[in-house]
Amino acid sequence: MDYAQLLDGKALAQRIQSQLKDRVDQLRSTQGRPPGLAVLMVGDNPASAAYVRNKERACAKVGIASFGRHFPTNISQTEVEQTIRTLNQDPLVDGILLQLPVPPHLDAVSLLHQIHPDKDVDGLHPLNLGRLVRGEPGLRSCTPAGVMSLLREYSIELKGKQAVVVGRSILVGKPMALMLLEADATVTMAHSRSQNLTEVTRSADILIAAAGRPELIAADMVKPKAVVIDVGMNRITDYEGNSRLVGDVKFDSVREVAKFLTPVPGGVGPMTVTMLLQNTVLSYTRVHA
Ligand code: NAP
């Protein structure tokens, strides 16, 4: 049996990070300061805390300065807004990221709108989303940008191919669909109200699973020889009480059908963090250009 080739996001992420480190070293010596990233986190969500640690560790690895702020759960909207305004003005800070989700008393959308579009390294400000819709250069959402980078690395043809994105969030699904469209794929989006999901996903030459549903995509939902990208990161606990991370794709069985497949972990996850670093450097170099 032919198993799918795995798309190694971890290895590609390491290669890009090593190039970024060289670039950051060079920028530090010519401009007198490294690029800076401020990751804002509110509350004590353990998954968010782990993501934030991961991002700060990656920054340290490539030499990006971290200006992170960790707020208590009961912080007010005004206080977070004030911090964002200060960071918008701070010449040492090139990127600002609000770790989502935030506690329900805060208005996340309004906070995201406060981040200056030139420092919006998560690509979630309406101006950057609008630039993506128009196909103009701008800061792009990290996870879909990471997927595109991975597809490019393995020379996967997108032009004229049928692409299906399962999930329509503003963070992943929608920008993903727009990026595939920009690359000339024929794009279909599916979501929780879609009917006959299996029929839709089986039409895909390129299938992107971003639903946040553990192992939603089974082998019979995949067209033979398709490229399958698993964005999902779901922590599940088995009957013995052990917790582990699984994607939105049934890895073992889909591996027997697909031509290319991303593992979880080690696929899209490391690419997301790397695109965040890349966006921070991009934001720095645009200001210093
Ligand atoms: P989200 O905001 O919860 O959106 C999930 C989307 O999937 C929604 O559009 C939802 O449809 C759709 N959906 C849910 N159940 C479905 C089903 N049974 N069939 C078809 N569509 C379904 O999640 P997200 O932020 O986009 O994240 C998606 C997954 O990616 C999560 O597992 C998350 O942890 C992971 N993620 C990974 C990375 C990474 O770096 N690897 C980064 C970000 C997110 P409706 O719109 O109709 O509700």
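Here are some notes on this predicted model, point by point, starting at the ligand and moving outwards.

1. The ligand shell. A good place to begin is the set of 22 residues around the ligand, of which R168, S169, S192, M233 and T272 come nearest. By class, the shell is made up of 10 nonpolar, 10 polar and two charged residues. Helix 10, which spans residues 268-288, supplies the largest share of the shell, with three residues.

2. Polar contacts to the ligand. Three side chains are worth displaying here. In R168, a side-chain N or O atom sits 2.7 Å from an oxygen atom of the ligand. For T272, the distance from a side-chain N or O atom to a ligand oxygen is 2.7 Å. S192 places a polar side-chain atom 2.6 Å from an oxygen atom of the ligand. As for cover, the ligand taken alone exposes 920 Å², and the protein buries 73% of that.

3. Helix 5, inside and outside. Which residues of helix 5 (residues 126-134) are buried? They are N128, L129, R131 and L132. Viewed down the helix axis, these buried residues fall within an arc of 155°, so they line one face of helix 5. Their packing partner is helix 7 (173-182). On the face turned away from the buried side, helix 5 carries the exposed residues V133 and R134. Just after the helix comes G135, with a positive phi of about 75°.

4. S149 in helix 6. Do have a look at S149, which is placed in helix 6 (residues 142-153). Is S149 buried or exposed? With a relative accessible area of 10%, S149 is buried, because the cut-off for that class is under 20%. Leaving aside neighbours within four places in sequence, S149 is in contact with L12, I16, M271 and M275. Two of these partners, M271 and M275, carry numbers that fall in helix 10 (residues 268-288).

5. V62 at the end of helix 2. V62 belongs to helix 2, which runs over residues 46-62. Its relative accessible area is 1%, and V62 is buried. Which residues does V62 touch, not counting those up to four places away in sequence? The list is Q17, L20, K21, V24 and L277. The pairing with L277 is a nice one to show: V62 and L277 are 215 residues apart in sequence, yet their C-alpha atoms are 8.3 Å apart in space.

6. V93 in a loop. V93 is found in the loop between helix 3 (77-89) and strand 5 (95-98). At 1% relative accessibility, this loop residue counts as buried. Setting aside neighbours within four places in sequence, V93 is in contact with G36, A38, F67, L87 and K119. V93 can also be paired with S283: 190 residues separate them in sequence, while the C-alpha to C-alpha distance is 9.7 Å.

7. Two cis peptide bonds. Most peptide bonds are trans, so the next two deserve a glance. L100 and P101 are joined by a cis peptide bond, with omega about 0°. P101 is placed in the loop between strand 5 and helix 4 (108-114). The bond from V264 to P265 is also cis, with omega near 0°. P265 is placed in the loop between strand 12 (260-261) and helix 10.

8. Positive phi outside glycine. Most residues other than glycine have a negative phi. What is the phi of D184? D184 is not a glycine, and its phi is positive, at about 75°. D184 is placed in the loop between helix 7 and strand 7 (186-190), and at 43% relative accessibility it counts as partly exposed. K225, again not a glycine, has a positive phi of about 75°. K225 lies in the loop between strand 8 (206-209) and strand 9 (227-230). With a relative accessible area of 51%, K225 is exposed, because that class begins over 50%.

9. Back to helix 10. To close, helix 10 is a useful element to keep on screen while going through these points. Helix 10 gives the ligand shell its largest share, three residues. The loop that holds P265 lies between strand 12 and helix 10.

Note on methods: Residues are numbered from 1 along each chain as its sequence is written. This is a predicted model: local features need pLDDT of at least 70, side-chain atom pairs count only at pLDDT 80 or more; totals for chains, interfaces and linings use all residues. Side-chain values use heavy atoms; hydrogens and water are left out. A residue is near a molecule or strand if one of its heavy atoms lies within 4 Å of it. A polar contact is a pair of N or O atoms within 3.5 Å; within protein, one must be able to donate a hydrogen and the other to accept it, and residues adjacent in sequence count only if both atoms are side-chain atoms. Accessible areas come from the Shrake-Rupley method with a 1.4 Å probe; for residues, only the protein chains shown count as cover. Helices (H or I, at least four residues) and strands (E, at least two) are DSSP runs, numbered from the N terminus. Ala, Val, Leu, Ile, Met, Phe, Trp, Tyr, Cys and Pro count as nonpolar, Asp, Glu, Lys and Arg as charged, and the others, Gly among them, as polar. Buried means under 20% relative accessible area, exposed over 50%, partly exposed in between (1.4 Å probe, protein chains only). The arc is that of the directions from the helix axis to the C-beta atoms. Contact means heavy atoms within 4.5 Å.
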